[in-house]
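Trainee: I should like a close look at a single part of this structure. Could you take me through it step by step, and then through the helix packing elsewhere in the chain?

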Amino acid sequence: MPHDGGSAKNQGFSRDFRHKRVYLMLMRRFEQELGKTDEKMEWESSDSHSVLRRHLLEFLIDSAQQLLVRPIVKYTALSFFADRFFPSVSRSRKHNLFDVAKCERNFWLLNPLTESNLQLFALVSIWVSSKLHETRPLSVKSLKSLGDMLISDQCFTTRDFAMAERLFLEMTQFDIGASQVAFIFLEELLMQFRELSKVGSLVSLEVCMEIMDLLYEKEQTSMLFSSPHALAASILVAAYFFTVPKQQWEFPLLPWVKFATSYEEADIGALVHYILMHVLAAEPTDSTLF
C-alpha cells in the first residue's frame, strides 16, 4: 500500500513523533558521554537492560529507514529481534548458557555480549526479513556498508554477517514466521476502512506506523504485539482520533472494528486509551473516553 502524504495536521503529528525520536537519540549520546552505556552492558540491572533494549530498537528502526526497506520488512525485523532474539539472548545470558565451548565455536559474537555485537544482530534481523518478503533481498555488502557507518567501535566483515545470521537463527530456534506481524493486519484493516468510508482516507498510514514504533519503546508496551489483531485495530482507532477532524467523527468506528475483528468495543477502547497515554507520555488512567 503506498504511503499517503497526509494533511498538514498529519504531517505536524509525524514531526512531533520525529522530534521525540531525535530527543531520544540525543539522550543516548548524553548517556554515553556520562559512561552509562558501557561496552559490556550490566545485564544484572533491569534499568540498563531496558536502556540497552531501547537503544538497539532505535538503531534497528533508523537502519531500516536508511536501507529504504518496505514497512513489512521493518516490522517483521522488529518482531524477530524484539520478540524472539533479544529475549532468547537475555534468558541465555541470565542462566550462563554461553559457555566456553560454545564461544570457541563461533559464539564470540555473544560472549562478551557487547552493544556493537547486538547492533550487528539487529542488522541481521533486517537481512533475514528482507529474504522473506523481497524477491531481491538486501545484499550483505549494503548491510556491511551501513554497519561500517553506524557501528563506530567495531568493524564487521561479510563473514561475520554470515556467522551472525546462523547464530541468529539458532537463538530464535529458526522461528522466522511472519504471518502474525501486526502491521499486516493494520494494513488490511486500513484498506477495508478506506473502501467503506471516505473518512478512512484521512487516516494516515504514516501516523499508524509512528504509533507502532513508539510502542516498542518499552518492554511493557511491546508486549501488546503478542495480540497482533487487537493491536492493529487499536492503532487504527488511535490514529483516527489524531488525524480525523473532530467534526467528522461520525463514522461508528468502534462498532465497525468489533464487526471486523470480533473484539468487544470495551476491550478495544481500553487498549486505545492505554496506547494514547503512552504516545502522549501521560500516566494511564481509567478510560472514560469510550
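**Lysine 144 and its surroundings**

Mentor: Lys 144 lies in helix α6. Please keep in mind that the model is predicted. Leaving aside residues up to four places away in sequence, Lys 144 touches Cys 155, Phe 156, Thr 157, Thr 158 and Phe 161. One of these partners, Thr 158, is 14 residues from Lys 144 along the chain, and the C-alpha atoms of the two are separated by 6.6 Å.

Lys 144 also takes part in the lining of a cavity, the second largest in the structure. The structure holds 2 cavities of 30 Å³ or more, and the second largest encloses about 30 Å³ of space. Besides Lys 144, its lining consists of Leu 123, Gly 147, Asp 148, Ile 151, Gln 154, Phe 156 and Phe 161. Phe 156 and Phe 161 thus appear twice in this account: they line the cavity, and they touch Lys 144. Which helix gives the most to this lining? That helix is α6, residues 140-150, with 3 residues. By class, the lining has 4 nonpolar, 2 polar and 2 charged residues.

We may now turn to the packing of helices. Two packed helices are described by the angle between their axes and the distance between the axes. For helix α8 (residues 182-196) and helix α11 (residues 228-243), the axes come within 8 Å and cross at roughly 50°. Because of that angle, α8 is oblique to α11. The crossing of α8 past α11 is right-handed. On the α8 side, the contact is made by Ala 182, Phe 185, Leu 186, Leu 189, Leu 190 and Phe 193; on the α11 side, it is made by Pro 228, His 229, Leu 231, Ala 232, Ala 233, Ile 235, Leu 236 and Tyr 240. This contact of α8 with α11 comprises 13 nonpolar residues, 1 polar residue and no charged ones.

Helix α11 packs against helix α12 (residues 253-261) as well, at an angle of about 160° and with the axes 11 Å apart. The two helices are therefore roughly antiparallel to each other. Here too the crossing, α11 past α12, is right-handed. Ala 233, Leu 236, Val 237 and Tyr 240 of α11 meet Leu 253, Leu 254, Trp 256, Val 257 and Thr 261 of α12. The contact of α11 with α12 divides into 8 nonpolar, 1 polar and no charged residues. Ala 233, Leu 236 and Tyr 240 of α11 are among the residues in the contact with α8 and also among those that meet α12.

Methods
Residues are numbered from 1 along each chain as its sequence is written. This is a predicted model: local features need pLDDT of at least 70, side-chain atom pairs count only at pLDDT 80 or more; totals for chains, interfaces and linings use all residues. Side-chain values use heavy atoms; hydrogens and water are left out. On a 1 Å grid over the protein atoms alone, a cavity is a set of points where a 1.4 Å probe fits but cannot get out, and a pocket is an open set with protein on both sides within 12 Å along at least five of seven lines; lining residues have an atom within 4 Å of a point. Grid points are joined across faces, edges and corners, and a volume is the space filled by probe spheres set on the points. Helices (H or I, at least four residues) and strands (E, at least two) are DSSP runs, numbered from the N terminus. Ala, Val, Leu, Ile, Met, Phe, Trp, Tyr, Cys and Pro count as nonpolar, Asp, Glu, Lys and Arg as charged, and the others, Gly among them, as polar. Axes are lines fitted to C-alpha atoms, for helices over the stretch in contact, and angles run from 0 to 180 degrees between N-to-C directions. Angles under 35 degrees count as roughly parallel, over 145 as roughly antiparallel, 65 to 115 as roughly perpendicular and the rest as oblique. A crossing is left-handed if the near helix is turned anticlockwise from the far one by less than a right angle, and right-handed if clockwise. Contact means heavy atoms within 4.5 Å.
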